[in-house]
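Good morning, and thank you for making time for this item. I would ask you to keep the sequence and the model in view while I speak.

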Amino acid sequence: MKNISILGSTGSIGRQTLEVISRFPREFRVLGLAAGRNVSLLKEQIRIFKPKLVSVKDKHKAVQLSKEFANDSIEFHYADSGAETIATHPKVDLVVSAMVGSSGLKPTLAAIESSKNIALANKEVLVMAGGLLTRKARSKGIKILPVDSEHSAIFQVLDRTNKEHVKRIILTASGGPLRKTPKKYFKDVTLEKVLDHPTWRMGKKITIDSATLMNKGFEVIEAKWLFEMEPSKISVWIHPQSIVHSMVEYIDGSIIAQLSEPDMKIPISYALAYPDRMHINGKVVSPTNFKKLTFEDVRSDKFPALQLAYEAIEEGGTMPAVLNAANEVAVESFLNNELKFPDILTIVRRVMSLHTTLPGDDIDQILETDSWARMTALSQIRRKGAK
């Protein structure tokens, strides 16, 4: 039986992870849950899964929970240190890193330093500190198992492959909710339109990143670190059906792909059970499941976020952290109706242009850069609003 801690248990990936775990009570035990502010859902999760450790953002809520569950022998923690406690408990075998944004960096790093295998759903931590995290993971002899459907696909294809035979990896993208919307209408698109993803049901932030294709840019950076692949060997193709989750092209011209219906429980279950697999889908696939598979090039003039990501990873050092932080702030401002949709990338580009890149080889430098980029992004947004 594997003991599991989940960072971000009330988010989309956290909820689906618990759904998978609930089907296999003899294989997995939930030892720790870390959540944000959705305490009502967290209470339900506590009652069902009976963890030994729980963490929330707010101290007051942690105290309230400890009183409510006083008879259940649960340790309650709070804030960043609480999440790190959940991630580093001696009995934990696997940490599911599913917090949204940069908040997942410190607890994920703490888990790696405590020699815990990671099921990684938080792409921002590798964008910010991919070199640092992967070096630590190698030194500790632990695995970072990707939960993103695209990286899980690449991981499954490459797992027993001689990497010298790989020509490139091809990440697929649905194209998001604005794939068919002409760019000239982007300035008028509503939040409701942007959040209406045609294939996946995700959180608001990642859905907006899918609309700009910044999400795919982050995945290019992730792929560099996860698979030790130069950015020039990472391509992105639009694939609206989201059936082919990614592909590997070999030097002899062969292309091997991983296919499945769009269901995040498949890559989640693979990361939980690795190197085994679990029966989570009783359906028998037929030709009607895959009746149409199409691919398109990405139009960089329409979706410049992808090019910004390539520029950030080519620059290296702290520039990817700037890309991530500026994007988080700009997306939040769009959610608050403070920016129009095209302004998101305008702000990101400006902040990147103002940054002097540092080596980014330690956590303090990365976090200081993250803070600088957030403040600079907010300043640029205020200037834009003042015009």
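The buried residues of helix α7 are Ser149, Glu150, His151, Ser152, Ala153, Ile154, Phe155, Gln156, Val157 and Leu158. I should say at once that this is a predicted model. Helix α7 spans residues 149–158, and 10 of its 10 residues are buried, which makes the helix mostly covered. What provides that cover? The elements over the buried residues of α7 include the strands β7 (144–146), β8, β10 (244–250) and β11 (255–259), together with the helices α10 and α11.

One residue of strand β10 deserves attention here, namely tyrosine 250. Tyrosine 250 counts as buried because its relative accessibility is 9%, and buried means under 20%. Leaving aside residues up to four places away in sequence, tyrosine 250 touches Val157, Leu158, Thr161, His165, Val166, Lys167 and Ile256. Val157 and Leu158 in that set are among the buried residues of α7. Between tyrosine 250 and arginine 168 the C-alpha to C-alpha distance is 6.9 Å, although the two are 82 residues apart in sequence.

I turn now to the aromatic residues. How many aromatic pairs does the structure hold? There are eight aromatic pairs. In one of them, phenylalanine 186 and phenylalanine 303, the ring centres are 6.2 Å apart and the planes stand at 50 degrees, so the pair is tilted. Phenylalanine 186 is in the loop between β8 (166–173) and α8 (191–194), while phenylalanine 303 is in the loop between β12 and α12 (305–315); the pair therefore ties together parts that are 117 residues apart in sequence. Phenylalanine 186 counts as buried at 5% relative accessibility, and phenylalanine 303 counts as buried at 5% as well. Phenylalanine 334 and phenylalanine 341 make an edge-to-face pair, with 5.9 Å from centre to centre and 70 degrees between the planes. Both phenylalanine 334 and phenylalanine 341 are buried. Phe186, Phe303, Phe334 and Phe341 form one aromatic cluster.

A ring also takes part in a contact of another kind: lysine 224 lies over the face of tryptophan 225, at 4.8 Å from the ring centre.

Next, the backbone. Most residues other than glycine have a negative phi, and most peptide bonds are trans. Where in this model should one look for departures? Leucine 213 has a positive phi, near 75 degrees, and is placed in the loop between α9 (204–212) and α10 (214–227). Asparagine 337 also has a positive phi, near 60 degrees, and its place is the loop between α13 (319–335) and α14 (343–354). Is each of these residues buried or exposed? Leucine 213 is buried, with a relative accessible area of 2%, whereas asparagine 337 counts as exposed at 65%. As for peptide bonds, the one from tyrosine 274 to proline 275 is cis, with omega near 10 degrees. Proline 275 is in the loop between α11 and β12.

That loop brings me to the surface. Phenylalanine 295 also has its place between α11 (265–273) and β12 (296–297). Phenylalanine 295 has a relative accessible area of 36%, so it is classed as partly exposed. Together with Leu259 and Leu293, Phe295 makes a nonpolar surface patch of about 230 Å².

That concludes my remarks, and I welcome discussion.

Methods. Residues are numbered from 1 along each chain as its sequence is written. This is a predicted model: local features need pLDDT of at least 70, side-chain atom pairs count only at pLDDT 80 or more; totals for chains, interfaces and linings use all residues. Side-chain values use heavy atoms; hydrogens and water are left out. Patches are made of residues with over 30% relative accessible area and no salt bridge: like charges are joined within 9 Å, nonpolar side chains (Val, Leu, Ile, Met, Phe, Trp, Tyr) within 5 Å. Accessible areas come from the Shrake-Rupley method with a 1.4 Å probe; for residues, only the protein chains shown count as cover. A salt bridge is a side-chain nitrogen of Lys or Arg within 4 Å of a carboxyl oxygen of Asp or Glu. Helices (H or I, at least four residues) and strands (E, at least two) are DSSP runs, numbered from the N terminus. Buried means under 20% relative accessible area, exposed over 50%, partly exposed in between (1.4 Å probe, protein chains only). Rings of Phe, Tyr and Trp (its six-membered ring) pair if their centres lie within 6.5 Å; planes under 30 degrees apart count as stacked, over 60 as edge-to-face and the rest as tilted. A charge sits over a ring if NZ of Lys or CZ of Arg is within 6 Å of the ring centre and within 35 degrees of the ring normal. Contact means heavy atoms within 4.5 Å.
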